[in-house]
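Colleague: I am new to reading protein models. Could you walk me through one, feature by feature?

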Amino acid sequence: MTLKTNNAKLKTPLNKAEFVRTRKFQSLFLRELSKQMKKIITYIVVILLILAFAAYFIFSGPGTTPPSPPITTIPAFYTNIIATHPHDTSSFTEGYLIYNGKLYESSGDPDYVGKSRLLKIDLNTWTAEKQIGLDKKYFGEGIAILHDTIYQMTYKEHTLFMYDMNFKKLKEQSFDTDTHEGWGMTTDGTNLIVSDGSSSLQYFAPSTFTFLRKIMVNEQGMPVGNVNELEYIDGYIYANQWNEPYILKIDPSTGAVVAKSDINSIWEQERRNKPNVDVPNGIAYDPNTKKIYITGKYWSQDYEVKFQ
Ligand SMILES: [Ca+2]
């Protein structure tokens, strides 16, 4: 019994110790498991946050690629060379037109040293039969002739000159445009139409040079800038675009460019003749012969062309 009792007595403390050890082990195991779980959950939360930020910047952040503009296609027309004629390589052409069978040209002067001119050129000899120089403070720009009066603008001097057909100065007056600059000029037979380096074409009343209205040159609604030398041909305004190889055909009722011609091959030909030639600038139309002439600043040739 004693033994039994002793055995029983001996057995009880052993079970207790085991029980305590087991509980301690379980407790330590659970604590460790809890620690690891916390770590795993923290990692998952951090990864999810990184993914969420990445998704935000990719799909809605400032680096998002804007939608592409609609592809526009303006019909092209060809500028085919019919003949070439000599052009004064010292002419920084800003105005070019035909009136009663004579070519009139306005030349600018980037150095302001007195080289701006107005020329009357014979179409048989291609030489100037009359010319006058402008004071060196003026940079000669676009010209138009209406009812035997020649109008010549200046670049930044806000001065408009009017001459009779013998180049006698009739009047000198101030004018202004949206950009405060004078670029190209033409006439629709009633008003003077002026470009100023922006996309607007501004209409002025002849004689008084009072502003009437303006149209915005656009390619399928997008503004077209740097509109330069102008020519009114059969109800459309044709225009050079500064520093671009294009001739634009503009509908004057809307300002829309309805067609354009790439004359880079002609410009390239000029570059081969004379490497320092400047941009294409000059379109002149003879309504009697239906001939069209184009040239550029310091170009060696005048090109008689056909728009097709
Ligand atoms: Ca012209």
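Colleague: Let me start with a single residue. Is Pro275 buried or exposed?

Modeller: Count the C-beta atoms around the residue. Twelve or fewer within 10 Å counts as exposed, and 20 or more counts as buried. Pro275 has 7 others within 10 Å, so Pro275 is exposed. Keep in mind that this is a predicted model.

Colleague: Where does Pro275 sit in the chain?

Modeller: Look at the elements on either side. Pro275 lies in the loop between helix 2 (264-273) and strand 20 (280-286). Then look across space. Trp299 is 24 residues away from Pro275 in sequence, and their C-alpha atoms are 9.9 Å apart.

Colleague: How many helices and strands does the protein have?

Modeller: Start any reading with that tally. Here the protein has two helices and 22 strands. Next, ask about burial. Of the 308 residues, 33% are buried. Then ask how contacts span the sequence. Take contacts between residues at least 6 apart: 46% of these join residues at least 24 apart.

Colleague: What is the average pLDDT of the protein?

Modeller: The average is 87, and 77% of the residues score at least 70. Now look for the weak stretches. Residues 1-14 have a pLDDT below 50, and the model gives this stretch zero contacts beyond near neighbours in sequence. Residues 55-66 are also below 50, with two such contacts. Where pLDDT is low, the predicted coordinates should not be read in detail.

Colleague: On to sheets. In what order do strands 2, 3, 4 and 5 lie in their sheet?

Modeller: Walk across the sheet from one edge to the other. The order is 2-3-4-5, the sheet is open and the pairing is antiparallel. Strand 2 (93-99) and strand 5 (128-133) are the edges, each pairing on one side only. From one strand to the next, the twist averages 15 degrees.

Colleague: How many bridges join strand 4 and strand 5?

Modeller: Strand 4 (residues 117-122) pairs with strand 5 over five bridges, in the antiparallel sense. To see one bridge, find Leu119 and look across to Gln131 in strand 5, its partner.

Colleague: Which strands form the edges of the sheet with the order 6-7-8-9?

Modeller: That sheet is also open, with four strands and antiparallel pairing. Its edges are strand 6 (140-146) and strand 9 (169-174). The twist here averages 20 degrees from one strand to the next. Inside the sheet, strand 7 (residues 149-154) and strand 8 (residues 159-163) share four bridges and run antiparallel. Tyr151 faces Met162 in strand 8.

Colleague: What is the phi of His147?

Modeller: Check the sign of phi, then the residue type. His147 has a phi near 50 degrees, which is positive in a residue other than glycine. His147 lies in the loop between strand 6 and strand 7. With 8 C-beta neighbours inside 10 Å, His147 is exposed. Now try Asn100. Its phi is near 50 degrees, again a positive value outside glycine. Asn100 lies in the loop between strand 2 and strand 3 (102-107). Asn100 has 10 other C-beta atoms within 10 Å, so Asn100 is exposed.

Colleague: How many residues lie between strand 10 and strand 11 in their hairpin?

Modeller: For a hairpin, read the two strands and then the turn. Strand 10 (residues 185-187) and strand 11 (residues 192-195) run antiparallel over three bridges. Four residues separate them, and in the turn Gly189 has a positive phi of about 95 degrees. Thr186 stands opposite Ile193. Strand 11 then pairs with strand 12 (residues 200-204), antiparallel, over four bridges. That hairpin has four residues between the strands too, and Gly197 has a positive phi near 90 degrees. Ser195 is bridged to Leu201 in strand 12.

Colleague: Are Leu192 and Val194 in strand 11 buried or exposed?

Modeller: Check each face of the strand separately. Leu192 and Val194 are buried on one side, and Ile193 and Ser195 are buried on the other.

Colleague: Which residues touch the most other members of the largest nonpolar core?

Modeller: Begin with the general idea. In soluble globular proteins, nonpolar side chains tend to be buried together. Here the largest nonpolar core has 46 residues, and Leu97, Met185, Ile237 and Ala284 touch the most other members. Follow Met185 as an example. Leaving aside residues up to four places away in sequence, its contacts include Ile143, Tyr151, Leu192, Val194 and Leu230.

Notes:
Residues are numbered from 1 along each chain as its sequence is written. This is a predicted model: local features need pLDDT of at least 70, side-chain atom pairs count only at pLDDT 80 or more; totals for chains, interfaces and linings use all residues. Two strands pair if DSSP finds at least two bridges between them. Axes are lines fitted to C-alpha atoms, for helices over the stretch in contact, and angles run from 0 to 180 degrees between N-to-C directions. A nonpolar core is a set of buried Ala, Val, Leu, Ile, Met, Phe, Trp, Tyr and Cys residues joined through C-beta atoms within 7 Å. Two residues are in contact if their C-beta atoms, placed from the backbone, lie within 7 Å. pLDDT is the predictor's confidence in each residue, from 0 to 100.
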